[in-house]
Amino acid sequence: ATSQITTAGLVLGNVTTQCSDTIPEGNVISQSPLPAQLVNKGTAVNLVVSSGPCPINVPNVVGMMEQDARTKIIMSGLTVGTITQEYSDTVAEGKVIRQSPEAGSTVPKETPVNLVVSKGKKRRFIISCGSNNSSDNFSTSDILIFGLVSGWLLIKTRKTMLSRGKA
């Protein structure tokens, strides 16, 4: 574009860049004065050159249901990345706990957004088993901790000393 401007007896004016999802990086988006417009020799021609695709602001999907988050990500011009699940005592099952990249950051079009989705609260059952055979202020008991994890029953035992307060 520069050589065409100088060959026509004109001078290069201001060159600015602007993102474009349709014009490849480095190509002219627009010029002023317009092509074929009659101007005097030595007139400055201003160009707007493409800097490439426009960056996209990552939407905040934390706290949304997974399907709603997926829809919002896709509608923003991004893609859904890896979905992982983890237990949470504070975030309801099926809702997004966190995302990467973070909300508000700018990324190229079609960047994947990874999500961590809540499996809800982890179920735990605690049962105290044992008797008080001790004559002192403490009793020893076995504590059984049951947890259900993906269809598996986990059992842990733990010896504890329980304090018996005297009135």
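Guide: Two residues are in contact when heavy atoms of theirs lie within 4.5 Å. The model discussed here is predicted.

Visitor: Among contacts in the protein chain between residues at least 6 apart in sequence, what percentage join residues at least 24 apart?

Guide: The chain has 167 residues, and its elements comprise 2 helices and 11 strands. When the contacts are restricted to residues at least 6 apart in sequence, the share that joins residues at least 24 apart is 56%.

Visitor: Is Ser 20 buried or exposed?

Guide: Ser 20 is placed in the loop between β1 (11-18) and β2 (28-32), and beyond its neighbours within four places in sequence it is in contact with Ile 29, Ser 50, Gly 52, Pro 53 and Cys 54. The limit for burial is under 20% relative accessible area. Because its relative accessibility is 10%, Ser 20 counts as buried.

Visitor: Which residue has its backbone nitrogen 2.9 Å from a polar atom of the side chain of Ser 20?

Guide: A polar atom of the Ser 20 side chain lies 3.1 Å from the backbone nitrogen of Thr 22. For the distance of 2.9 Å, the backbone nitrogen concerned is that of Ile 23.

Visitor: Which element gives the largest share of the largest nonpolar core?

Guide: In soluble globular proteins, nonpolar side chains tend to be buried together. The largest nonpolar core here has 11 residues, among them Ile 56, Val 96 and Leu 115, and the elements that give two or more residues to this core are α2 (66-75) and β8 (112-118). The largest share, 3 residues, comes from β8.

Visitor: How many residues does the second, separate core have?

Guide: This second core is separate from the one just described, and Leu 10, Val 45, Leu 47 and Val 49 are included in it. The number of residues in this second core is 5.

Visitor: What is the geometry of the peptide bond from Ser 32 to Pro 33?

Guide: Most peptide bonds are trans. Pro 33 is found in the loop between β2 and β3 (44-50), and omega for the bond from Ser 32 to Pro 33 is near 5°. The geometry of this bond is therefore, by contrast with what holds for most peptide bonds, cis.

Visitor: Does Ala 36 count as buried or exposed?

Guide: Ala 36 is found in the loop between β2 and β3, where it has a positive phi of about 70° although it is not a glycine. The limit for exposure is over 50% relative accessible area. Because its relative accessibility is 82%, Ala 36 counts as exposed.

Note on methods
Residues are numbered from 1 along each chain as its sequence is written. This is a predicted model: local features need pLDDT of at least 70, side-chain atom pairs count only at pLDDT 80 or more; totals for chains, interfaces and linings use all residues. Side-chain values use heavy atoms; hydrogens and water are left out. Helices (H or I, at least four residues) and strands (E, at least two) are DSSP runs, numbered from the N terminus. Buried means under 20% relative accessible area, exposed over 50%, partly exposed in between (1.4 Å probe, protein chains only). A polar contact is a pair of N or O atoms within 3.5 Å; within protein, one must be able to donate a hydrogen and the other to accept it, and residues adjacent in sequence count only if both atoms are side-chain atoms. A nonpolar core is a set of buried Ala, Val, Leu, Ile, Met, Phe, Trp, Tyr and Cys residues joined through side-chain atoms within 4.5 Å.
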